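The following note sets out numbered points on the model shown below. Please read each point alongside the sequence and the coordinates.

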Number of protein chains: 2
Amino acid sequence: MATRSIADEIKQTRPFRSRSQEAAMALLRTANVLRRRVDALVAAEGITSQQYNVLRILRGAKAPLPTMEIAERMIDQTPGITRHVNNLEERGLIRREAWAGDRRQVLCQITPAGLRVLERLDAPMDALDDAFAAQLTPEQTDHLIEALDLIRSTPDS
Amino acid sequence: MATRSIADEIKQTRPFRSRSQEAAMALLRTANVLRRRVDALVAAEGITSQQYNVLRILRGAKAPLPTMEIAERMIDQTPGITRHVNNLEERGLIRREAWAGDRRQVLCQITPAGLRVLERLDAPMDALDDAFAAQLTPEQTDHLIEALDLIRSTPDS
DNA sequence: GAGCAATACTTGACAAGTAAAGTATCACGA
DNA sequence: TCGTGATACTTTACTTGTCAAGTATTGCTC
């Protein structure tokens, strides 16, 4: 499949006012494509990509995490996390417990069942990431990461 | 604000298994940040970023477009478009009409009121795009666009 | 130590994305 | 011309993301 520029894809008569705009559009569209692939992949285990993220964060953390810590590490707002966590708890993939130190907080940790789900997804997920990055040279991948990190550092308006 | 790498942001103990994975994560997170900024901006006109996209596509097209054409140019599936279009029509920002040539199709076009909404958003939207791209050199922006175009060309699994 | 703001969620309400099924229309072959 | 399949939506149902408001704690200040 040949590379299609964004301008081709959206068939705009008046394509882009600036390279900035083209970059922004490309970023949004590309991320959407990637997200859908991830969704399709984790659906095999009956979870969504956001639930998968929660599990991965909990696995990555050595200790149980309070709900808000999870929210901070994800891109989501807190209310969304509460629901993901509810859902995951119902399925036994994570466990929640009150913590005496600060009773406002609820600590979450991944269960062995949750770990098994992640393990089953590790290989296909790696393959997916690699398939995308395979379009780029290692240098391009590095530059891409660098550029994205810079963009995220844009100060609030 | 200093640039924070993805690894910093999510505070993973076990950061990334590969650069591919880091790139994928950076892509998803960065796009999310951008999308929220866009949402916040267009909310001033009482529309969502997807409705804004519909309006922009209709402005970009010289002629009225059938619903499915809009769906194709966006990332959305058709059912979503129907709703956006319903909503925009209720507010008088677009107009829908049956077309004698193929009565299955419904042609949509932007109204003067819709054009005015877009015009009010043009300047702030340009400013937003530029603010993001301002973190990059023009060469970096070009490379970013190129890399994203390549990634989107990844064949299906 | 009494109040008052801040924190850490949780809940409710609503827009948006997605899949699946339904409806109307068209196109094409027998 | 009479199906038969394809096309272009539309509707329905369900999940997710987000905001606003509510609740339970905590911490800080006077």
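1. Burial and fold of chain A. Buried residues account for 36% of the 157 residues in chain A; a residue is buried if 20 or more other C-beta atoms lie within 10 Å of its own, exposed if 12 or fewer, and partly exposed in between, with C-beta atoms placed from the backbone. Chain A has seven helices and three strands, in the order α-α-α-β-α-α-β-β-α-α from the N terminus. Helices (H or I, at least four residues) and strands (E, at least two) are DSSP runs, numbered from the N terminus. Of the contacts in chain A with a separation of 6 or more, 44% are accounted for by residues 24 or more positions apart. Two residues are in contact if their C-beta atoms, placed from the backbone, lie within 7 Å.

2. Basis of the model. This is a predicted model, in which local features need pLDDT of at least 70 and side-chain atom pairs count only at pLDDT 80 or more, while totals for chains, interfaces and linings use all residues. Residues are numbered from 1 along each chain as its sequence is written, and chains are lettered from A and ligands numbered from 1 in the order in which they are written.

3. The interface between the protein chains. On the chain B side, 57 residues are in contact with 58 residues of chain A. The elements of chain B that give two or more residues to this side are α1 (6–10), α2, α3, α6 (112–133) and α7 (138–152). The most is given by α2(B), with 16 residues. By class, this side of chain B has 25 nonpolar, 16 polar and 16 charged residues. Here Ala, Val, Leu, Ile, Met, Phe, Trp, Tyr, Cys and Pro count as nonpolar, Asp, Glu, Lys and Arg as charged, and the others, Gly among them, as polar.

4. A helix pair across the chains. Helix α6 (residues 112–133) of chain A and helix α2 (residues 19–42) of chain B have axes that come within 8 Å and cross at roughly 80°. That crossing makes α6(A) roughly perpendicular to α2(B). Angles of 65 to 115 degrees count as roughly perpendicular, under 35 as roughly parallel, over 145 as roughly antiparallel and the rest as oblique. Axes are lines fitted to C-alpha atoms, for helices over the stretch in contact, and angles run from 0 to 180 degrees between N-to-C directions. From α6(A), the contact involves D129(A), D130(A), F132(A) and A133(A), and from α2(B), R19(B), S20(B), Q21(B), A23(B) and A24(B). The classes are four nonpolar, two polar and three charged residues.

5. The core. In the largest nonpolar core, of 80 residues, L27(A), L58(A), L27(B) and L58(B) touch the most other members. A nonpolar core is a set of buried Ala, Val, Leu, Ile, Met, Phe, Trp, Tyr and Cys residues joined through C-beta atoms within 7 Å. Leaving out residues up to four places away in sequence, L58(B) touches L65(B), I94(B), C108(B), Q109(B) and I110(B).

6. DNA strand C. This strand is surrounded by 21 residues, the closest being P66(A), T67(A), M68(A), P79(A) and T48(B). A residue is near a molecule or strand if its C-beta atom, placed from the backbone, lies within 6 Å of it. Two or more residues of the surface come from each of α4 (67–73) and α5 (78–90) of chain A and α3 (49–60) and α5 (78–90) of chain B. Five nonpolar, 10 polar and six charged residues form the surface near DNA strand C.

7. DNA strand D. Around this strand there are 20 residues, of which P79(A), P66(B), T67(B), M68(B) and P79(B) come nearest. The elements giving two or more residues are α5 of chain A and α4 (67–73) and α5 of chain B. The classes are five nonpolar, nine polar and six charged.

8. Individual positions in chain B. L144(B) lies in helix α7 of chain B and is buried, because 25 other C-beta atoms lie within 10 Å. Beyond its neighbours within four places in sequence, L144(B) is in contact with A23(A), L144(A), A147(A) and L136(B). T82(B), in helix α5 of chain B, counts as partly exposed, with 15 C-beta neighbours inside 10 Å. K62(B) is in the loop between α3 and β1 (65–66) of chain B and counts as exposed, with 8 C-beta neighbours inside 10 Å.
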